[in-house]
Amino acid sequence: MKRPLGYGATAAVGVAVASVTLGDFRAGQLSLFLSLAVLAVSLDLVWGYAGILSLGQLLPFGIAAYTTARLAAAAPALTLPGLLVATLVGATVAAGVGIAAFRRRPTPVVIGLLTLVLSLTLEQVAEQWRDVTGGFNGLTDIPRITAFGPEWSDSTQDLFISVVAVAVITLVGLLATRPIGAVLIGIRDNERRMEALGYDTVALKVWVFTVGGAVAGLAGALYVHRTGFVSPQIFGFALATNVVLWTLVGGRGTIIGPVIGTLAINFASATLADVWLQYWTLATGVIFVAAVALVPEGLVPSLLRAAGRPPRRSRDLRLSATAPVTAAGNGSAVFEATGVDKSFGFFKVLDGVTLTMDEPELRCLIGPNGAGKSTLLDVLCGQQGCQNGSITTLGRDCTGLRAWEFARHGVSRKFQSPQVIGSLSVAENIAVAAWGADPSPWRLTFAAWEARVPETSLRMLERTGLDVRAGSGAGGLSHGDKQWLEIAMAMAGHCRVLLLDEPTAGMTAAESLAAAELLREVHTDYRLPVLIVEHDMAFIRAVADRVTVLARGSLLADGTVAEVENDPEVVAVYGGVDR
Amino acid sequence: MRTLQDSRSRSRLWFVASLVALLALVAAACGDDDDGTPDAPSEPAAADTGAESTDSEEAPEPETTEAPDPDEPETTEAPEPEATEAPDEPETTEESAEPSGEPVRIGILFSNSGPAGVFGPPTANIAELIEEDINAAGGINGRPVETYLADDATDPAVGRQAMEQLIDSDNVDVVLGTHSSATRQAAKPLAEDADVLYIYAALYEGGECSSVMFNTGEVPSQQLAPVIPWMMEQTGGQTWFLLGNDYVWPRRSFELARQYIEAAGGEVVGEEYVPLGTQDFSSVAQIIAGSGADLIFPALVGGDAIAFETQAVDFGIGQDAIPRLANIYEENVLGAMGPAVTAGMRVTLGYFKEVDSALNNAFVSRYFERFGADAPPHMTFSSHIYDAALLYAAAANAAGTTDTAAVAAAMEGLSLTTPTGDISITGSRHLSQPIYVAEIQADGSQLIVQSFASVEPDETCDPA
Amino acid sequence: MDALTLELLNGVSLFAILAIVALGLGIVFGLMGVINLAHGEFVMLGAYVAYVVHTVGLNHWLSVPLAAVVLFVLGVVIEVGLIRRIHRQPELTILATFGLSVCLRQIAELVFSKDFQSVPNPVPGATRAFGVLFPTYRYLLIAIAAVVVAATLLAFTRSRFGLVVRAIVADRDLAESAGIRTGMTNLCAFGVGAATAGIAGALVAPLGAVEPQAGLAYLPGAFLVVIVGGYNRLWGVAAGALVVAAVQTGVIHFYDAVWAQIASLALAVLVLQFRRPAPAGAVA
């Protein structure tokens, strides 16, 4: 946490010294390119961290630039507060776009196209709205920044812009090292997992888009003061793709990478374009293609990898144990699903299923393939809605709630194929799961880099030996270890009911029995209600208080393991398999 | 309390390394030419400079530093430009003096890539001739001149950076510009702040006025005021259709055209604008066909012009059916349309390479000898850049200095005879110049059918 | 009445141009999920094929199949050399093809110079039909574009190959796990996409300028068509071209060309915004 500040301060001093010693021309270039680097960093926050490919970072940038231009012309004395106005304008524009766009859960490609087309539309509007924008030729003679006195000289302004740019980049870098940074990476890597951990991912995307918009807005204000003019081409295709290029070449999700990418490409361009003329343009094309094909993760991460370092290193993360929330116990049933219908097109998956758990117990849900077990689990935790029926969980009517609302209410879920956040370390995965209990973006921004994790979750890690590998990347774990990690994650949040979909798939028989033992232990210690979808009868016999059988979307049988195993209807459904 | 610790990360070397790389980069980018005395002019390879050569006429090798060699072979084969071009200029009569000393730096801001990049190559060629001719005439105040080219990529943001490069890094004494108005608007404040003379030589919409600027390109009032009545008389047409790209210059041209047409007793029956980059003109063609216009005034640029004209023929509104008066169709665009489409079109501009004067004929033949018969043709943009350079040289010689205010004062009222014709700077800081009307012949060649000498621009400017 | 007929024909010819220009973009996008920003340059190169055919004195119509062949080969080379490595990451393909477009533009400039070129109209003049005179070349263009678009789309949807294609469009992972060789299909899609762009270039060459920058002007229109038509069904290209042509022609007729462009962009924004959202958990 202190380190980025230290580097930022060093960089600011370095840039200031450079501005003073390099001469006006280079200092001017530096401030220009740094203001563009701020734009690239705003894109990195949105794209590199949260995974939103915005080709429209120029929307907040350009609108803030025009706003600043008009404002500075109207009130030259108020240019400093004008920077704040530009920041707010950028945030507002981005929030507007984000709220309109993300609610409909667009694919990344749709977001890219939407933001690009919006940007191109704005270019046209800026050309036509001559009274305000100056039309095709744009606005010129925009005053420089002033503070309580005469207009600053170019060199003073260059120094100011460079230092402010470094400060903003440092702030974004700090933000990225906060818990929110890890959470955004989680959304990028696995949005569904994050929703099941209690994160309102749509709201978080809008939030990060807004923050990115604020940063882009400030970049727009710095840029327009620096260049002294603005024209509709600020929304154009060329700048839109260039920003993406700088970010990509430097390395997404690293903050410093896009800064280096922006400075390197722009300085090279300014220097070489003169010497090489048309061949330079060809060379840039070749560089783009080569960069994408050969070093798609970007320069900075590739260099780090070459130097034997992971591109993103997990930092020391303190996981301290707390007591788990105690289950139900308030007299109401754990869950009651009544008359649940669910169809996909003409195919009816669940047909009036009623499933209740009155007291905390270890319940297994079994049935042949296609019986609708996973779908029922999805419905019970809000991953999917149902057409008819109602869901009441721990005394609250949860019908129609979304996955993150279920999760915050205490319903935790492990998916059939293990869903972990591959770019984060094991400890960070657990921490992200734990932070999901109180996931406001502002809290996550200012919260300490540590997590309080229920003792049950830590016990899982310890028993499976994952605790000694807390710092290694979750993406590199074996299938079985991912299963354990995901179970631990499901227990790490506000877990009052645990739903497990095939937890032992990929485990050896011995591991399965160990898992059964562990689950029983946790259940006994804290009366944690658990519903498990499973096929492995040995595991079921070891773990289950009670078994419910689902077949063809309907409830078939319900009872102890022995009762169910001897139920002729169940035997019939399973056909010859068990005979 | 139990805790889990991530494996301890020893160092943040990557961040430091990045920072070092960043600073190294800055340092590398600084190079050696950011102070006042650059020793290596960063000129494009295309511009063959002869930068250090005091006699750059016959051996244009940049490295030549040997003692000046006072032979003047070109005096016999081509008329000495300075002898005739500025007869009222005392300094230029000392034609034998070899320029020496610190060079005068002439920056040329032009479009060499992007949509207007097609106009770049002739300007780059002319930059060589500018150096040659001014140096052969004794340079400026006895100093040689060097040209520095900078490309705006038809993008004002890039143009602004290019202007910074010229002023702050190349330390030019003057900037000659041929590029869009958007780039001029973006670049002008830099010239004003640095107090560098900026001669904008492209044809444009008019209205520019600044203490450091002169605008020597054609403005619509010059291209249109004498030519519109002439066109109506020649063709007998009374009603006009105005079709332009949607930006400032066509809009201003049409505003004035409307006045001149109405003053001449004609009528505008339609005025349409299309976005830059329009490819399908079918609906527009139908509007024109339905307007009943006798004449079309197309202010379309580049590919849009070619698309419109080639499509118009098939819609029955080609030049045969409705004669054109164009104000930007130049050789490149006309050549692409082909003579079948263009034959009979009239174009009004301040220069065509077909201008029939001894000075121009010699200049044009020298241009093609020098750059090859298939060189990009010398045209109004490159010609105005050449004129702007001669105007600057004459004014700086008259002022005896390259001080901006003094040269600007000497510019006012300055008259020259150049391949373009008789030109003089007006009180409005624009250029009184000849306007030519060329008619495209059946073989695609341009024949000058009418010329108007010393057309005054309808501009006012008082930068004080 | 005649005016209406003419405007209708204008609309149809614009529809044909938009459809043939956008076809390749739609195929590559719909089938591979690749946003090909070099598509405009493919069209530009197709136009240069027509220009070369004209300069060596051959018949213009020869350039249509020739452009298809040249661009198909180029498309295959690019797919194998570049796209194949990265087609799973849409954002990388956007950038790679953007770089490619810069390269192709500059190479065209080095080979053919920046100068504007043109290809003369092989059938100048107009034909009288439906009571109005309408350019003969445009009638032919409409016919050829209709045949090429229809044939391509039918090949991609109705044939045995089309079945494979539809399986891939519906669910690439499932198709792959079912043993469908998506690599071969990608190669076909990209090659055919480039080939149709080449045909488009050769067809529109006589209608305008042939120059290295021309691709930049074709791309936005093609994108609008693909966005408006919807890229998860191949016939969307035809539907999108129809809607965009109708909007453009209508707005130019009743208002002007500048607002026609803004209207098309706004239409694309609306379509993107109100497209059916992806079902939850579709990307598992």
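How far apart do the C-alpha centres of domain 1 of chain A and domain 3 of chain A lie? They lie 33 Å apart.

This is a predicted model, in which local features need pLDDT of at least 70, side-chain atom pairs count only at pLDDT 80 or more, and totals for chains, interfaces and linings use all residues. Residues are numbered from 1 along each chain as its sequence is written, while chains are lettered from A and ligands numbered from 1 in the order in which they are written.

**Domains of chain A**

Chain A is assigned domain 1 (2-233), domain 2 (329-410 + 496-579) and domain 3 (424-495). These bounds come from an automatic or database domain assignment. Domain 1 of chain A gives 13 residues to its contact with domain 3 of chain A, which gives 16 residues. Residues count as in contact if their C-beta atoms, placed from the backbone, lie within 7 Å. On the domain 1 side, helix 8 (179-189) and helix 10 (201-227) of chain A each supply at least two residues. Helix 8 of chain A gives the most, with six residues. Helices (H or I, at least four residues) and strands (E, at least two) are DSSP runs, numbered from the N terminus. By class, the domain 1 side has 10 nonpolar, two polar and one charged. Nonpolar means Ala, Val, Leu, Ile, Met, Phe, Trp, Tyr, Cys and Pro; charged means Asp, Glu, Lys and Arg; the others, Gly among them, are polar.

**Strands in chains A and C**

Strands count as paired if DSSP finds at least two bridges between them. The table lists three pairs.

| Strands | Sense | Bridges | Opposite residues |
|---|---|---|---|
| Strand 2 (335-344) and strand 5 (388-393) of chain A | antiparallel | five bridges | T338(A) and S390(A) |
| Strand 11 (546-551) and strand 12 (554-559) of chain A | antiparallel | five bridges | V547(A) and G559(A) |
| Strand 1 (126-129) and strand 2 (132-135) of chain C | antiparallel | four bridges | R128(C) and L133(C) |

In chain A, four strands form an open antiparallel sheet in the order 3-2-5-6. Strand 3 (347-357) and strand 6 (396-397) of chain A are at the edges, each with a single partner strand, so one side of each has no neighbour in the sheet. Helix 15 (residues 373-380) of chain A lies across strand 2, strand 3 and strand 5 of chain A. This helix runs at about 120° to strand 2 of chain A.

Now the hairpins. Strand 11 and strand 12 of chain A have two residues between them, and R552(A) in the turn has a positive phi of about 45°. The hairpin of strand 1 and strand 2 of chain C also has two residues between the strands, with F130(C) at a positive phi near 55°.

**Chain B**

Helix 4 (residues 120-136) and helix 15 (residues 380-399) of chain B pack at an angle of about 25°, with axes 9 Å apart. That makes the two helices roughly parallel, a term for angles under 35 degrees; over 145 is roughly antiparallel, 65 to 115 roughly perpendicular and the rest oblique. Axes are lines fitted to C-alpha atoms, for helices over the stretch in contact, and angles run from 0 to 180 degrees between N-to-C directions. Among the contact residues are I126(B) of helix 4 and Y386(B) of helix 15. This helix contact has 10 nonpolar, two polar and no charged residues.

Chain B also meets chain C, with 34 residues from chain B and 35 residues from chain C. Helix 11 of chain B gives the largest share of the chain B side, eight residues. That side divides into 15 nonpolar, 15 polar and four charged.

Conventions:
Contact = placed C-beta atoms within 7 Å.
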